[in-house]
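Hi,

Here is the structure I said I would pass on. Have a look at it, and then read on for my notes.

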Amino acid sequence: VGPSPELPPGPHVESGFAMTFWRYQDHDPWADATGLAAGEALARVHEALDSYPGTFPSFLDRQVRRASRILFDEPVPCGIPAYEIAFLRSEYVSITSVLHDTTLECRTLHGDPHRGNLLVSRSGYLMIDFESVCSGPLEWDLSALPGVGAGVFSADANLLALLKRLRSLCVAVWCWTRTSSRSSAALDRAARMDSGLLRLGAQGA
């Protein structure tokens with residue numbers, strides 16, 4: 001989805017808040033997203049990002065560092081159940097230690113291509129929400145993509161499994177720290193689901 005033609009691209013800052021404006025796109029938020037079509041949409045996004053002349057921060061400096069600050073820099077991580085804190089901290093150290101010793105082939109990524117950022121419409125699949133654009137291995141995008149792209153991309157299976165664990169950790173931490181909102185029940189369910197996926201991934205590692 002492209003920027004709105006009615007205003008300059010921005011970002012527009014007002015009272016300390018930054019906003020961007022995008023074209024309206026009709027879509028069905030409840031439609032099933034096939035892995036193949038999602039993969040093809042992400043491939044088009046990657047192709048467009050390849051032409052961008054600027055640089056972006058590493059994926060480790062965005063969602064991953066935010067999770068680290070919450071887990072290690074705050075006296076008591078807000079919203080995270082006490083029995084989960086030790087496990088999440090241990091998993092963070094374990095996963096990032098492996099990444100530190102891994103040579104990563106990086107490119108520009110969408111950063112967060114989950115189902116909520118994928119619009120399914122009659123005209124095809126479109127992606128939104130580019131605030132998480134970053135540099136990193138392809139497998140970081142695939143760790144969030146519905147159906148992992150259904151064979152559109154060639155991926156390192158071991159790295160993908162590791163980054164799926166890291167993605168689940170980041171999502172669980174993010175959701176639990178926002179459970180004071182009106183959608184707290186849904187966020188708590190999402191956090192518990194991703195914590196469960198993280199445990200399964202840790203058992204299979």
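Below is what I found, starting with the helices and moving on to single residues.

One thing to keep in mind as you read: this is a predicted model.

**Helix H3 and its partners**

A good place to start is helix H3, residues 82-100. I have three packings to tell you about for this helix.

Take helix H6 to begin with, which spans residues 184-204. H3 and H6 pack at an angle of about 50°, and their axes are 12 Å apart. Angles under 35 degrees would count as roughly parallel and 65 to 115 as roughly perpendicular, so H3 is oblique to H6. Their crossing is left-handed. If you want to find the contact on screen, look on the H3 side for Tyr83, Glu84, Phe87, Leu88, Glu91 and Ile95. Across from them, H6 brings in Arg192, Ser195, Leu198, Arg199 and Ala202. Sorted by class, the residues of this contact are 6 nonpolar, 1 polar and 4 charged.

Next comes helix H2, residues 63-73. It packs with H3 at an angle of about 140°, with the axes 10 Å apart. Only angles over 145 degrees count as roughly antiparallel, and H2 and H3 are therefore oblique to each other. The crossing is left-handed here too. From H2 the contact takes Val64, Ser68, Leu71 and Phe72, and from H3 it takes Leu88, Arg89, Tyr92 and Val93. The split for H2 with H3 is 6 nonpolar, 1 polar and 1 charged.

Then there is helix H5, residues 157-176. Its axis and that of H3 come within 10 Å and cross at roughly 145°. H3 passes H5 in a left-handed crossing as well. The list of residues on the H3 side runs to Glu84, Leu88, Glu91, Tyr92, Ser94, Ile95, Val98 and Leu99. H5 answers with Leu159, Leu162, Leu163, Arg165, Leu166, Leu169, Val173 and Trp176. By class, that contact has 12 nonpolar, 1 polar and 3 charged residues.

Leu88 is worth clicking on while you are there. It is in the H3 contact with H6, in the one with H2 and in the one with H5.

**A pair of rings**

How many aromatic pairs are there? The count comes to 4. One that I looked at joins tyrosine 52 and phenylalanine 56, with ring centres 5.1 Å apart and planes at 35°. Planes under 30 degrees apart would count as stacked and over 60 as edge-to-face, so this pair is tilted. Tyrosine 52 is partly exposed, at 46% relative accessibility. Phenylalanine 56 is partly exposed as well, with a relative accessible area of 27%.

Between those two in the sequence sits threonine 55, in the loop between helix H1 (35-50) and H2. Threonine 55 has a relative accessible area of 76%, so it counts as exposed. Its C-alpha atom is 24 Å from that of leucine 7, which is 48 residues away along the chain.

**Two prolines**

Is proline 137 buried or exposed? It is buried, at 1% relative accessibility. You will find proline 137 in strand S6, residues 134-137. Leaving out residues up to four places away in sequence, it touches Phe59, Leu104, Glu105, Cys106, Leu109, Leu159 and Leu163. Two of these, Leu159 and Leu163, also turn up on the H5 side of the contact with H3. The C-alpha atoms of proline 137 and tyrosine 52 are 17 Å apart, with their positions 85 residues apart along the chain.

Proline 11 is in the segment before strand S1 (12-14). What caught my eye there is the peptide bond from glycine 10 to proline 11, which is cis, with omega near 10°.

**Positive phi away from glycine**

Which residues should you check for phi? Aspartate 129 has a positive phi of about 65° although it is not a glycine. It lies in the loop between strand S5 (124-127) and S6, and is partly exposed at 30% relative accessible area.

Valine 148 also has a positive phi, near 50°. This one belongs to the loop between helix H4 (138-142) and H5. With a relative accessible area of 27%, valine 148 is partly exposed.

Happy browsing!

Notes
Residues numbered from 1 in each chain as written. Predicted model: local features only at pLDDT ≥ 70, side-chain atom pairs only at ≥ 80, totals over all residues. Heavy atoms only, no water. Axes fitted to C-alpha atoms, helices over the stretch in contact; angles between N-to-C directions. Helix = DSSP H or I, 4+ residues; strand = E, 2+ residues; numbered from the N terminus. Left-handed = near helix turned anticlockwise from the far one by under 90°. Contact = heavy atoms within 4.5 Å. Nonpolar A, V, L, I, M, F, W, Y, C, P; charged D, E, K, R; others polar. Phe/Tyr/Trp six-rings, centres within 6.5 Å; stacked < 30°, edge-to-face > 60°. Buried < 20%, exposed > 50% of the residue type's maximum accessible area, 1.4 Å probe, protein only.
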